[in-house]
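Please open the model in your viewer, with a selection box to hand and side chains ready to be switched on. The tour below goes from one selection to the next and says at each stop what is to be found there.

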Amino acid sequence: MAEIVSLLLPFFGLILIGYIAAKATKQPAETLGWLNTFIIYAALPALFFKLVSRTPIEQLTRVDFIATDIAATYAVFILLFAIGRLLRGNSFADCTIQSFAGAYGNIGYLGPGLALLALGEGAAVPVALIICFENALHFVVAPALMAAAGDDKRSPGQLVADIVRKVALHPFILSTAAGFAVAALHIDQPLAFQRLVDYLAQAAAPCALFAMGVTLALRPLKRIPAEISYIVPAKLILHPIAVFISLTAVGSFEPVWIQAAVLLACLPTATNVFVIGQQYGVWQERASATILITTVFSAVTVSLWLIVIRSGLLPLQLFP
């Protein structure tokens with residue numbers, strides 16, 4: 001248990017420091033803009049490029065792994081959508097944001113640092129693949145469903161063009177693609193360039209976690225949705241279980257790949273869920289509340305999942 005605390009304290013400690021700093025200094029939300037710019041356009045892309053570019057190309061072509069992980073994630077998404085739509089009678093747009101709240105984890109900010117520290121360098125490739133492909137798919141699914149709900153007034157051509165632009169030009173996607181190219185072509189990177197990438201990558205986790213704490217502080221808990229009763233367990237418990245069962249059912253994956261996928265799946269709701277809700281004017285305050293509540297509860301649930309993973313209690317094969 002002491003080992004788990006030593007792993008998690010830097011992560012949730014930095015979130016808490018950011019939260020306290022925001023409350024104490026009372027800086028406006030706009031002051032966070034440049035830090036987020038640095039994280040999204042420099043630090044995290046450098047980390048993803050580093051992880052991918054220094055990996056043998058044969059490990060980067062596991063289509064079966066990423067397809068299985070995404071299938072498990074969207075199984076949870078569809079389940080939550082059905083509950084919201086059929087059982088609670090929520091609108092199509094509300095169900096979309098609710099489903100993202102239960103299936104879209106904070107993998108970009110929390111995932112890389114935690115997985116690498118807990119599982120070692122062997123987790124680098126699955127983490128990079130999950131972050132890249134899940135984010136790319138979310139960029140497609142969110143506007144497509146909002147268009148179907150009637151909350152996106154753009155023409156079909158404009159919608160498709162915007163989706164393609166967001167996917168193709170997103171810093172995470174570009175940096176991962178560049179890493180793929182370097183790995184495939186066996187390009188030797190100059191030492192000075194490697195040091196710059198390393199320097200930026202080292203800043204990714206601390207800056208991202210601090211910014212996350214500030215963001216949580218700037219979005220006070222105003223409205224707790226009734227849906228929180230099933231969204232929170234779906235995100236923190238059901239999602240990692242679904243990923244684990246799916247990957248072990250398919251089989252032939254390295255243990256650390258399964259462990260990394262489960263660890264990323266158990267992370268709290270991504271702050272991007274609030275951004276999507278805000279963009280379309282749908283479920284905004286309740287999305288913010290969900291992010292805060294899942295983040296608070298994840299201090300316990302992530303600890304439990306780490307204990308299960310690191311103690312060997314997580315079986316690596318359910319289906320012989």
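Select Thr176 to begin, bearing in mind that what you have open is a predicted model. Thr176 has a relative accessibility of 2% and, because buried means under 20%, it counts as buried. Its place is in helix α8, which covers residues 171-185. If you leave aside residues up to four places away in sequence, you can display Phe48, Val52 and Cys132 as the residues that Thr176 touches.

Stay with Cys132, one of those contacts of Thr176, and colour it by accessibility: Cys132 is buried, with a relative accessible area of 8%. Then add Cys266 to the selection, which at 0% relative accessibility counts as buried. A disulfide is a covalent bond between the sulfur atoms of two cysteines, and a search of the whole structure finds zero of them.

Next, show the charged side chains, for a search of the whole structure finds six salt bridges. Select Asp198 and Lys50, which form one with their closest N and O atoms 3.5 Å apart. Asp198 lies in helix α9 and Lys50 in helix α2 (residues 33-53), so this pair ties together parts of the chain that are 148 residues apart in sequence. Lys50 counts as partly exposed, at 25% relative accessibility. Add Arg54 to the view as well, since Lys50, Arg54 and Asp198 are linked in a network of salt bridges.

Move on to Arg88 and Glu227, another salt-bridged pair, in which the closest N and O atoms are 3.2 Å apart. The pair again links distant parts of the chain, with Arg88 in the loop between α3 and α4 (92-103) and Glu227 in the loop between α9 and α10, 139 residues apart. Which of the two partners is buried, and which is partly exposed? Glu227 is buried, with a relative accessible area of 4%, whereas Arg88 is partly exposed, at 41%.

For a salt bridge within one helix, select Asp162 and Lys166, whose closest N and O atoms are 3.6 Å apart. Both residues lie in helix α7, four residues apart, about one turn of the helix. Asp162 is buried, with a relative accessible area of 13%, while Lys166, at 32% relative accessibility, counts as partly exposed.

While α7 is on the screen, colour the model by confidence. Among the elements of the protein chain, helix α7 (residues 156-169) has the lowest mean pLDDT, 84, and helix α3 (residues 63-87) has the highest, 96. Over the protein chain the average pLDDT is 89, and 98% of the residues score at least 70. Where pLDDT is low, the predicted coordinates should not be read in detail.

Now select α3 itself, a helix of 25 residues that reaches 35 Å from its first C-alpha to its last, close to the 36 Å expected at 1.5 Å a residue. Follow the chain past its end to Gly89, which has a positive phi, near 70 degrees.

From there, go to Ile228, which is found in helix α10 (residues 228-250) and counts as buried at 14% relative accessibility. Not counting residues up to four places away in sequence, Ile228 touches Pro233, Thr290 and Ile293. A distance label between Ile228 and Ala287 should read 9.7 Å, C-alpha to C-alpha, for two residues that are 59 apart in sequence.

The last stop is helix α1, residues 2-25, which has 24 residues and reaches 33 Å from its first C-alpha to its last, close to the 34 Å expected at 1.5 Å a residue. Where along α1 should you look for a kink? Centre on Leu9, shortly before the proline Pro10, where the kink is about 40 degrees. Then select the buried residues of α1, among them Ile4, Leu7, Phe11, Phe12 and Ala22, and switch on the surrounding helices, because the tour ends with the partners of these side chains. The buried residues of α1 pack against α5 (111-119), α9 (191-218) and α13 (284-310). Just after α1, Lys26 takes a positive phi of about 55 degrees.

Conventions: Residues are numbered from 1 along each chain as its sequence is written. This is a predicted model: local features need pLDDT of at least 70, side-chain atom pairs count only at pLDDT 80 or more; totals for chains, interfaces and linings use all residues. Side-chain values use heavy atoms; hydrogens and water are left out. Helices (H or I, at least four residues) and strands (E, at least two) are DSSP runs, numbered from the N terminus. Buried means under 20% relative accessible area, exposed over 50%, partly exposed in between (1.4 Å probe, protein chains only). Contact means heavy atoms within 4.5 Å. The expected span of a helix is 1.5 Å times one less than its number of residues. The bend at a residue is the angle between axes fitted to the seven residues ending there and the seven starting there. A disulfide is a pair of cysteine sulfur atoms within 2.5 Å. pLDDT is the predictor's confidence in each residue, from 0 to 100. A salt bridge is a side-chain nitrogen of Lys or Arg within 4 Å of a carboxyl oxygen of Asp or Glu.
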